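Thank you for making the time this morning. I would like to walk through one model with you, going from the whole chain to a few individual residues and ending at the ligand.

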Amino acid sequence: MDVADLPLDDKFVAHFESQGVEELYPTQVAAVEAGVCDGERVLAAIPTASGKTLVAELAMLTADGPALYVVPLRALATEKFEEFDALPGVSVGMATGDFDATDEDLAEHDVVVATSEKVDSAIRNGANWVAALSCVVVDEIHLLDAEGRGPTLEVTIAKLRRLTPDVQLVGLSATVGNARAIADWLDAALVASDWRPVDLKTGVYADDAMRFSDGEVRRVPAGDRGAARALASDVVEGEDGQCLVFVNSRRGAQDLASTLVDEFYATPADVAEELQSTARTATGVELARCVAHGVAFHHAGLASEQRRVVERAFRDRDLKVIVATPTLAAGVNVPARRVVVRDHERWNGSEMEPLSVLEVHQMFGRAGRPHLDPYGEAVVVAESHEVDDVRERYVDAEPEPVRSKLRSQRALRTHVLASVASGFADSRAAILELLDETFYAHQRREGVDGDGGETGDGDAGGEVDDGEDGGIDDVVDEVLTYLDAVGMLAREGQSVRATPLGDLVSRVYVDPVTGASVVEALERASTLPHVTALTVLELVCDTRDMPTVYVRDDEAGQVSDAAMRRRDELARDVMDFDGDYQAWLDSLKTALLLEDVADGMDVESLSEQYGVEPGDVRRSVERAEWLLTATESLTEHVDADLSNVAAVIRETRDELVAVDV
Ligand code: ADP
């Protein structure tokens, strides 16, 4: 089937052809046959690089009205925005942050790219563009099982279906154990396939050899260079290929890239110069030095511009090797001849835990560049004694089934409040009715696999792991009691309504626990003699919506001293501290960091003083901007004169917004 045979305007056909897309991939043919161009719901569970974007574009371009493309991460939104924006005559909007687009702007576009949080927030705020949608594409829908994001995604899909019952839903998923269950939940036709545009050989590397599943054994002696360095050097020098190495930490990525510098001398001068000239931290300088030797590291600490330069240079073949943390495997299009998974375990904060099969397969999926490589090859590095175990666990195994994470207080607290506040439910029964339309409820009805057990991982037909008593009702009851106690919901018999405070907390999109703690802190702040930027920053950093910066042992004294010295400015009672002091020091350090950001301290000094990287600073600033906005609205709900606090909040937020991070 050719692109020219599709029910598309000539200008789109010409556009795709100009990109070398003439004949559809078999996966795309299957999606067309399933009705993706005819408004039918489709779930495409197909490997990385098998052409999911075109499937989405076919749905959006043939839809009768505006389309929404939901991405899991802000970083992916930009990539997709650029891709869709290149479609001739298609107007594309993007909604990822709090300050980027108003609802009226969004209503004017043919396609809106948004994170699931932003869609959820738009629905809570009654955005009218949502009800006008005729097509919704959900990218990486297997992330339904991610903590935090997953519940938001499933509740948002349930609400979208309520608002626009006839909407065409298209889910794009990695190959997962229970794609059928997701398709059934969406009432979608399932397109599942292992087809890839370039063959993939997978295996294990141990004892100086790559052992592929097809029986091939290829010797690559590690010597004293270590496995990853030997494997990278082998594919670059021996086969003129490129290599992606996945490791489990930022430090590990940087260290390995730095040793690889001795191996290659490809010098893409302009790329290295671009990075050199924009390097503002020791890490940035090291990145530029590595890149001058054809090697890069890639992790969440890099500035987004640095990441983009690295990704682009790798796609242009200017770089030979990227050593990355697992974040690169999620969605970013950087194929390589060889993928090496050096670390198959990672630190979760308290212990080493194995990566999931799905994650490792997504890393594998980056192997093989269509038209350039005869095939891709991907290996997991193992110790001699664990070869069989690693092969069984990662190479021969099917990915895990996707499991709903909705049954948790944290998820339900926020979604129960939002459902009541935005008019989806006005009683306990109505809340349960809405929740009955989620993936969670579908899985409970069908069993976790919902497809007669195709997963082969021993979980077939098993129940969702949802606690002793199994239902969601008891968690809903706990949550209702909590929301009632903090004055966000009011109950009368069976009926439930949101109070003005509850309504506001839902609209400003914070966890109710954050809303409650901010209100309490604001009450204390109203009595402070000195309200400064630090006052309001500490207030938002000491909430569960703010990821904080870790205080190292050798810093604790210093941060603690700052707390004492500046206690007049803090809403927390430092002298008679109630709670986890160590955790609070992390919050205070984050607030001190943001204070310096607002004062215009450059990234180099921030990095030296706080041990943070540009990527961390950017995330903290974005979060703080959002939470300050929410906090300013909440000042209206405190029974005290907070006009000076509100003014400081506005000032501080404006300073942060003005900083270029
Ligand atoms: P993914 O499934 O990972 O989202 P993409 O949609 O990004 O994959 O496609 C991967 C690459 O394959 C892109 O560069 C895209 O232009 C190319 N591609 C997609 N469909 C076709 C096709 N039918 N013919 C040739 N190239 C294609």
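**From a loop tyrosine to the ligand**

Let me begin in the loop between helix H21 (500-507) and helix H22 (512-525), where Tyr509 is found. Before I go further, please keep in mind that this is a predicted model, and that what I say about Tyr509 and the other residues should be heard in that light.

Tyr509 has a positive phi of about 65°, and it is not a glycine. That deserves a remark, because most residues other than glycine have a negative phi. As for its surroundings, Tyr509 has a relative accessible area of 16%, and since the cut-off for buried is under 20%, Tyr509 counts as buried.

A second residue invites the same question: what is the phi of Arg317, which is not a glycine? The value is again positive, at about 65°. Arg317 sits in the loop between helix H14 (304-315) and strand E13 (321-324), and with a relative accessibility of 34% Arg317 is classed as partly exposed, whereas Tyr509 is buried.

Tyr509 also leads us to another arginine, Arg124, which belongs to helix H6 (residues 116-124). Is Arg124 buried or exposed? Its relative accessibility is 5%, and therefore Arg124 counts as buried. If we set aside neighbours within four places in sequence, the contacts of Arg124 include Tyr509 itself, together with Ser506 and Arg507, and they also include Thr414, His415, Ala418 and Ser422.

Let me now step back to the chain as a whole. The chain holds 28 helices and 19 strands, and along the principal axes its C-alpha atoms fill a box of roughly 70 × 55 × 50 Å. For 661 residues, a compact globule would be expected to have a radius of gyration near 26 Å, and the chain has 26 Å, so the two agree. Of those 661 residues, 57% count as buried. The accessible surface of the chain comes to about 26,700 Å², and carbon and sulfur atoms account for 45% of that surface. If we take the contacts between residues at least 6 apart in sequence, 74% of them join residues at least 24 apart.

Which residues of helix H15 are buried? They are Val357, Leu358, Val360, Gln362, Met363 and Phe364. Because 6 of the 8 residues of H15 (residues 357-364) are buried, this helix is largely enclosed by the rest of the structure. What the buried residues of H15 pack against is a set of four named strands and a helix, namely strand E8 (200-206), strand E11 (243-246), strand E14 (338-341), strand E17 (376-381) and helix H16 (387-395).

Two more buried residues are worth our attention. Val170 lies in strand E6 (residues 168-173) and is buried, with a relative accessible area of 1%. Apart from neighbours within four places in sequence, Val170 is in contact with Val36, Val42, Val136, Val137 and Val138, and also with Ala59. By way of distance, the C-alpha atoms of Val170 and Val486 are 39 Å apart, and these two residues are separated by 316 residues along the chain.

Gly35, for its part, is in the loop between helix H2 (26-33) and strand E1 (42-45), and with a relative accessible area of 3% Gly35 is buried as well. Leaving out residues up to four places away in sequence, Gly35 touches Glu40 and Gln168. Between Gly35 and Ala59, which are 24 residues apart along the chain, the C-alpha separation is 8.9 Å.

That brings me to the ligand, and to the question of how many residues surround it. There are 13, and the closest of them are Glu23, Gln28, Ala49, Lys52 and Thr53. By residue type, this shell divides into 5 nonpolar, 6 polar and 2 charged.

Three polar pairs can be described individually. A polar backbone atom of Glu23 is 2.8 Å from a nitrogen atom of the ligand, and an N or O atom in the side chain of Gln28 is 2.9 Å from a nitrogen atom of the ligand. On the oxygen side, an oxygen atom of the ligand lies 2.9 Å from a backbone N or O atom of Lys52. Taken alone, the ligand exposes 560 Å², and the protein buries 75% of that area.

How values were computed. Residues are numbered from 1 along each chain as its sequence is written. This is a predicted model: local features need pLDDT of at least 70, side-chain atom pairs count only at pLDDT 80 or more; totals for chains, interfaces and linings use all residues. Side-chain values use heavy atoms; hydrogens and water are left out. A residue is near a molecule or strand if one of its heavy atoms lies within 4 Å of it. A polar contact is a pair of N or O atoms within 3.5 Å; within protein, one must be able to donate a hydrogen and the other to accept it, and residues adjacent in sequence count only if both atoms are side-chain atoms. Accessible areas come from the Shrake-Rupley method with a 1.4 Å probe; for residues, only the protein chains shown count as cover. Ala, Val, Leu, Ile, Met, Phe, Trp, Tyr, Cys and Pro count as nonpolar, Asp, Glu, Lys and Arg as charged, and the others, Gly among them, as polar. Helices (H or I, at least four residues) and strands (E, at least two) are DSSP runs, numbered from the N terminus. Buried means under 20% relative accessible area, exposed over 50%, partly exposed in between (1.4 Å probe, protein chains only). Contact means heavy atoms within 4.5 Å. The radius of gyration is taken over C-alpha atoms; the globule rule is 2.2 Å times the number of residues to the power 0.38.
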